[in-house]
Every structure is written in structure tokens, then in C-alpha cells.
Amino acid sequence: MQKVLKWFTPVLALGVAIFIIFFLISINPSQELDYVEPLEHKSEVVQQKSKEVWLNHFSKTERLGYFYPVNEAYIEIDLVEKIISNTIYKLSASLLDPYQLFCLKEELKQHKLRYYLKRDKSSVELLIYSKNIEKLNSLVRVLKNYQISAKVELYKEDV
């Protein structure tokens with residue numbers, strides 16, 4: 001058994017060396033191959049059709065010896081509609097206790113209005129911005145039942 005192990009390591013190393021030599025020779029041939037030529041890149045340029053833009057018509061036309069050197073177009077729009085400014089109203093109500101806030105939220109759900117709560121250290125103020133003044137006035141009348149003081153006024157943005 002010792003004789004086999006003594007010769008096994010050198011035989012294995014010789015086999016691996018022969019394998020590596022044959023592998024290197026196969027990937028790097030020593031003679032040049034005649035049939036291998038450099039690759040030629042053949043490509044054809046495909047010309048795309050130019051997009052038809054109505055302004056290009058002016059630069060290609062020539063009338064009475066004059067052509068348009070620049071693509072310019074002037075468009076005049078007649079606005080018949082009158083611009084109506086939208087009036088926005090603001091409802092503000094100061095709340096003192098959580099019960100008032102609860103009642104107010106329930107009424108806002110019924111009236112389907114979105115609101116903004118502005119909280120300070122001492123008070124809570126509710127702000128509602130809407131274009132429908134009738135809805136805001138009806139909400140003010142309902143809030144009087146809960147002893148919540150609210151007022152509707154015109155909203156002006158701070159510029």
C-alpha cells in the first residue's frame with residue numbers, strides 16, 4: 001500500500017501537467033490559420049422618412065422668387081369667453097372643548113365638506129374653504145344648536 005501511495009502523487013502531478021499542456025496548446029495554436037480573416041462590418045444606412053410638420057412647408061416653398069428663410073408662424077386667438085373669477089368663502093369656528101369638536105365633525109360629514117383644523121397651544125380653529133355660500137350658511141345655523149360660534153367671510157389669499 002505504501003508503494004502505491006509513494007508513486008500515486010507524482011503520477012497524478014504528471015497527469016495534471018500533461019492535461020494543462022494539451023489545454024494550452026489547443027486554445028493557442030502555434031500555426032496561423034489561413035481561413036481566419038478579420039471580420040468586416042457591413043451595414044446599410046436606412047434613411048427614415050422625414051416627419052411631415054406643417055411649419056416645414058413654409059421653408060420648402062418658393063413663390064414669386066421669395067422663400068421663407070425662417071420657420072415662423074403667428075397665431076391669433078379670439079377669446080370670446082369671459083373670465084369669471086371664482087369667489088371663495090371661508091368659514092372659521094373656534095372650538096373650546098372636545099365635545100364641540102365631535103359635534104362639528106359629525107355635521108361636516110353630513111354636509112360633505114372638507115375642513116382644516118388649525119391647532120394652537122390654547123385653542124383649536126376650524127377652517128373650511130368653499131364656493132357654495134348657502135352650504136356654509138346652513139352649517140353656521142346648525143352649529144348654533146351646539147353653541148359653536150362660526151362666521152363666514154370672503155377668503156382672500158395672501159400674496
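# Exercises on a predicted model: strand β5 and its surroundings

In this predicted model, β3 and β5 pair in the antiparallel sense, with 7 bridges between them. The exercises below start from this pairing.

## Exercise 1. Strand partners of β5

Determine which residues stand opposite I128, L127 and V124 of β5, and describe how β4 is joined to β5.

Solution.

1. Begin on the β3 side. The bridge partner of L91 in β5 is I128.
2. Turn to β4, which spans residues 116–119 and runs antiparallel to β5, with 4 bridges joining the two strands.
3. Assign the β4 pairs. Y116 is placed opposite L127, and R119 has V124 as its bridge partner.
4. Examine the connection. β4 and β5 make a hairpin, and 4 residues lie between the two strands.

## Exercise 2. The environment of L126

Decide whether L126 is buried or exposed, and list its contacts beyond the neighbours within four places in sequence.

Solution.

1. Locate the residue: L126 belongs to strand β5.
2. Apply the cut-off. L126 counts as buried because its relative accessibility is 1%, and the limit for a buried residue is under 20%.
3. Place this in the strand. Of the 7 residues of β5, 5 are buried, so that the strand is mostly covered.
4. List the contacts. With neighbours within four places set aside, L126 touches L91, S92, A93, L104, L108, Y115, Y116 and L117.
5. Follow one contact outward. L104, under the same exclusion of neighbours within four places, is in contact with L95, L126, L143 and I148.
6. Compare sequence and space for one further pair. K90 and L126 are separated by 36 residues in sequence, and their C-alpha atoms are 10.0 Å apart.

## Exercise 3. Helix α4 and the nonpolar core

Characterise the length, start and buried residues of α4, and identify the elements that contribute two or more residues to the largest nonpolar core.

Solution.

1. Check the length. α4 covers residues 133–144, 12 in number, and its first and last C-alpha atoms are 17 Å apart, close to the 16 Å expected at 1.5 Å a residue.
2. Inspect the start of the helix. A side-chain oxygen of N132 comes to within 3.3 Å of the backbone nitrogen of E134.
3. List the buried residues of α4: L136, S138, L139, V140 and L143.
4. Identify their cover, which includes β3 (89–95), α3 (98–111), β5 (124–130) and β6 (150–154).
5. Consider the core. The largest nonpolar core has 17 residues, of which L91, L104, L108, I128 and L139 touch the most other members. Two or more residues of this core come from each of β3, α3, β5 and α4.

## Exercise 4. The chain as a whole

State the order of helices and strands, and give the share of residues that count as buried.

Solution.

1. Count the elements: the protein chain has 4 helices and 6 strands.
2. Read them along the sequence, which gives the pattern α-α-β-β-β-α-β-β-α-β.
3. Give the buried share, which is 16% of the 159 residues.
4. Describe the surface. The accessible area is about 15,500 Å², and 57% of this belongs to carbon and sulfur atoms.
5. Assess the contacts between residues at least 6 apart in sequence: 59% of them join residues at least 24 apart.

Technical notes:
Residues numbered from 1 in each chain as written. Predicted model: local features only at pLDDT ≥ 70, side-chain atom pairs only at ≥ 80, totals over all residues. Heavy atoms only, no water. Expected span 1.5 Å × (residues − 1). Buried < 20%, exposed > 50% of the residue type's maximum accessible area, 1.4 Å probe, protein only. Contact = heavy atoms within 4.5 Å. Polar contact = N/O pair within 3.5 Å; in protein donor to acceptor, adjacent residues only side chain to side chain. Pairing = 2+ DSSP bridges. Areas by Shrake-Rupley, 256 points an atom, 1.4 Å probe, with all protein chains shown as cover. Core = buried A, V, L, I, M, F, W, Y, C linked by side-chain atoms within 4.5 Å.
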